[in-house]
Amino acid sequence: MVSALYSWFPSMCTAFCITFFSFILLFSLLIFVLRLKKAWCSCEICQAYLTSSWTKDFDNLCDWFTHLLKKSATGTIHIHVLGNTITANPKNVEHILRTRFENYPKGKPFAAILGDLLGKGIFNVDGDSWKFQRKMASLELGSTSIRRHAFDIVNSEIQSRLLPLFSSISGEQRALDLQDVFQRFSFDNICKFSFGLDPGCLELSLPVSEFAEAFDLASKLSSQRALASSPLIWKLKKALNLGTEKRLKQAIKMVDTLAHEMIKQRREKGFSERNDLLSRFMETINDDKYLRDIVVSFLLAGRDTVAAGLTSFFWLLSQHPEVESAIRDELESVVGSSDDHHQPLPSFDQLRDMHYLHAALCESLRLFPPIQFDSKFALEDDILPDCTSVRKGTRVTYNPYAMGRMERIWGPDCLRYKPERWLENGRYVPENLFKYPVFQAGKRDCLGKEMALVEMKSMVIAIIRRFNIRLLYPNKTPRFTPGLTANVRGGLPFLVQGKGKIHAQ
Ligand code: HEM
């Protein structure tokens, strides 16, 4: 036995030495390549980024960027190790999104980062493929009659699912997560509207949605790729199927299953006479992978954004009861008694007359934009209006989150939640969109903006008219997890008290 051990020992030592030195060699090679790729920089900002020392003072990367952007005289900063120029300067934003739009596509690096999740969907492509999808989607989302159709879908979801759900738990000491409710609600709506299918996520029994979880995870892990100091890191992990990349692969597999199921169901139900978005695309496209990519982009566009917007709005409302009573007053003047829950919900036209509500939502989105930042890649060398030079291939990011918190844009009370800022003589007055790029602006602005606002307004009215929402932790400021859209970490638990029993219709 002992002699056997003695004979094994030298070969074990050799194996250990080979493994150890190969590891050191590989590691040194990696550092060398990273340096070559400019993934190393000793400036203060890059060091804080690389060592994560910013986390000592800031909870969220966007808060740190906001701090740096506020300090910068031009409102523009550089994270050299990420090859990223970040701006909160409205003139630069206009330059990138409109004046020199052709020079700032999404670009290949992003197509790679988000490619596994979004494929060739509208969010992830440029050129002809983008033009084609934008044209098709504009037809679907652009007209007033379609918006009325969206309004009907939202109202039916509210009447048949949301109100009965809230009614059933009202007065009970049972907490639900508001963010989760909103995600389920907007998931049902976007599926009904875009694909003519009803996943029934907001059923009273509230089944755990594996798909929704997979979606969140895939979006979170995909966006984390963009934060790596070199794409080599995530590409290597992907090739070896390790850690976050392994989890991302599994999550995307689940998302694929959902998307293919939707396409299959749509095909079985027939699509030639339907006018939902998926049917429109299916008339011209046979490729199921391409259809899957389109489906995923629209799920992402319509679900998380609306849910994130509503979640922060209800948190702000819990801090500002005066805003809630101003909305109730407006409701009363537009549709009659705001507390009479037998009254039907406001009509599409009545909603348009609710200027204060519109202002309250825009103001909430200013402070908590669902998409906190968005990046493009420069095709050619350029100079931004604030004289920042941009080298070909640089990632250029505009940051609506920071912009909403800049004194030089919104004045000394920029951090105050103040819907009145958007009103003149009681009427809503839109702001310069490059100062407020919450829905992006310029040639690639959000196609679902009107639909999203209709959805959010209907939801707010339906809830505050019939229920009192009591957050379990009203004093806890929401903390956002990084992702393609902002998610409140830990959700927003609440209790509900109703003003009467509502039954499913
Ligand atoms: C509060 C809710 C919403 C916000 C804040 C929002 C914001 C945005 C932003 C910032 C973009 C640009 C993203 C990028 O290029 O990377 C965008 C694009 C887009 N949004 Fe929205 N969105 C919302 C809701 C919706 C809804 C409900 C839809 C409906 C389907 C929608 C459809 C789209 C589409 C199709 C694009 C792509 C436009 C293009 O690339 O040409 N959005 N949105």
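Here are some questions and answers about the predicted model shown above.

This is a predicted model, in which local features need pLDDT of at least 70, side-chain atom pairs count only at pLDDT 80 or more, and totals for chains, interfaces and linings use all residues. Residues are numbered from 1 along each chain as its sequence is written.

Q: Which residue does UniProt list for "binding site"?
A: The record is an unreviewed entry. UniProt positions are given in the numbering used here, feature names are shortened, and annotations may be inferred rather than shown by experiment. The residue listed is Cys446.

Q: Is Cys446 buried, partly exposed or exposed?
A: A residue is buried if 20 or more other C-beta atoms (placed from the backbone) lie within 10 Å of its own, exposed if 12 or fewer, and partly exposed in between. Cys446 has 17 C-beta neighbours inside 10 Å, so Cys446 counts as partly exposed.

Q: Where is Cys446 placed?
A: Helices (H or I, at least four residues) and strands (E, at least two) are DSSP runs, numbered from the N terminus. Cys446 belongs to neither kind of element named beside it, as its place is the loop between β9 (427-428) and α19 (449-466).

Q: Which helix gives the most to the largest nonpolar core?
A: A nonpolar core is a set of buried Ala, Val, Leu, Ile, Met, Phe, Trp, Tyr and Cys residues joined through C-beta atoms within 7 Å. The largest one here has 128 residues, and those with the most contacts inside it include Val255. With 17 residues, the helix that gives the most to this core is α13 (residues 288-319).

Q: At roughly what angle do the axes of α8 and α13 cross?
A: Axes are lines fitted to C-alpha atoms, for helices over the stretch in contact, and angles run from 0 to 180 degrees between N-to-C directions. Residues are in contact if their C-beta atoms, placed from the backbone, lie within 7 Å; Phe182 and Ile190 are among those in α8 that meet α13. The axes of α8 (residues 178-195) and α13 come within 8 Å and cross at roughly 145°.

Q: In what order do the 3 strands of the open sheet lie?
A: Two strands pair if DSSP finds at least two bridges between them. β10 and β13 (residues 493-498) pair in the antiparallel sense over 5 bridges. The edge strands, each pairing on one side only, are β3 (176-177) and β10 (467-471). The order is β3-β13-β10.

Methods. Contact = placed C-beta atoms within 7 Å.
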